[in-house]
Amino acid sequence: MLRFVTTNAGKVREAREYLDEEVTRLDFDYREVQADDLATVAADGARKAYEHAGEPVFVDDAGLFVDAFDGFPGPYSSYVEDTVGVERLWRLTEPEDDHGAAFRGVVAYCDGEEFAASPEPVDRDRRGQDQDADTRATATTDDQVADGDHPVKIFEGYVPGTIVPPRGEGGFGYDPIFEYDGRTFAEMSPEEKNAVSHRGKALAEFAEWYENADR
Ligand code: IMP
């Protein structure tokens, strides 16, 4: 059985579409590390959740990366949604020449076993703890990842699009202002969105590895 750490039952249903293994929701509230990339946040969450649950877990983390703002809000998307708000984020982008953006998402898996963890950026926090800056720049092999914290495998998904005035009633979060191929994510059915979304791609990669990997 696989435990998906999320408060969102819709995400669990979506994950079940990809994985043959039984997926159940794990309601585990933990303090997220602050980092400027999603994978570090997700990897830390996966380790904490594994230590809590003692069984195979995965977590996901996603964000909207606006080109004109050098990727902001990115890992801070949730905070910005709660403070600035989705419509005001669109207004901030309106005067810019470049309206490009992307959703990025990661799935991080941990089961406490030794496997070839994703070398970057999973080993970054460990390197930060116990090695000096010079070594940090060169330490990238899987062995160095695996002999410290629990190894974590990272799967990434990405979908490019455009920030537009809000349209559509479906979806959640930034969906109304994110246009892909002529429609906003909020104008698509869940199935249409999942087929192209960052989370759908990350889950598909994870499922392929999980079903085939020699763990
Ligand atoms: P989380 O990682 O799913 O908690 O999402 C972090 C932030 O990105 C929240 O503000 C979400 O609303 C937003 N977000 C993540 N995925 C999507 C998506 O597929 N559509 C719209 N907003 C999203």
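In this predicted model, R104 lies over the face of F65, at 5.6 Å from the ring centre. That is a handy place to start walking through the sheet, so keep your viewer on the strands for a moment.

Seven strands are what you should look for: these 7 strands form an open sheet in the order β2-β1-β3-β4-β5-β6-β7, with mixed pairing. At the edges stand β2 (23-26) and β7 (183-184); each has a single partner strand, so one side of each is left without a neighbour in the sheet.

Now step inward. Strand β1 (residues 2-5) and strand β3 (residues 57-66) run parallel and are joined by 3 bridges. Here F4 stands opposite F58 in β3. Helix α1 (residues 9-18) packs on the sheet, where it touches β1, β2 and β3; the direction of helix α1 makes about 155° with that of β2. Helix α10 (residues 198-212) also packs on the sheet, touching β1, β3, β4 (100-110) and β5 (153-163). The direction of α10 makes about 155° with that of β5.

Next comes β4. With β3, strand β4 pairs in the antiparallel sense over 10 bridges, and you can find A62 with its bridge partner G105 in β4. On to β5: β4 and β5 run antiparallel and are joined by 10 bridges, with V107 standing opposite F155 in β5. How enclosed is β4 by the rest of the structure? Of its 11 residues, 10 are buried, so β4 is largely enclosed. As you look along any of these strands, a general point may help: in a regular strand the side chains alternate between the two faces of the sheet.

F155 also leads us to the aromatic rings. The count comes to 13 aromatic pairs, and one of them is formed by F155 and W209. Their rings are tilted, at 5.5 Å centre to centre and with 50° between the planes. This pair links distant parts of the chain, since F155 sits in strand β5 and W209 in helix α10, 54 residues apart. Are the two partners buried or exposed? The cut-off for buried is under 20% relative accessible area. F155 has 6% relative accessibility, so F155 counts as buried; W209, at 17%, counts as buried too.

Finally, zoom out from that pair. Ring pairs link F155 and W209 with F4, F58, Y109, F206 and Y210 into a cluster. Two of these names are familiar from the sheet, where F4 stands opposite F58.

Technical notes: Residues are numbered from 1 along each chain as its sequence is written. This is a predicted model: local features need pLDDT of at least 70, side-chain atom pairs count only at pLDDT 80 or more; totals for chains, interfaces and linings use all residues. Side-chain values use heavy atoms; hydrogens and water are left out. Two strands pair if DSSP finds at least two bridges between them. Helices (H or I, at least four residues) and strands (E, at least two) are DSSP runs, numbered from the N terminus. Contact means heavy atoms within 4.5 Å. Axes are lines fitted to C-alpha atoms, for helices over the stretch in contact, and angles run from 0 to 180 degrees between N-to-C directions. Rings of Phe, Tyr and Trp (its six-membered ring) pair if their centres lie within 6.5 Å; planes under 30 degrees apart count as stacked, over 60 as edge-to-face and the rest as tilted. Buried means under 20% relative accessible area, exposed over 50%, partly exposed in between (1.4 Å probe, protein chains only). A charge sits over a ring if NZ of Lys or CZ of Arg is within 6 Å of the ring centre and within 35 degrees of the ring normal.
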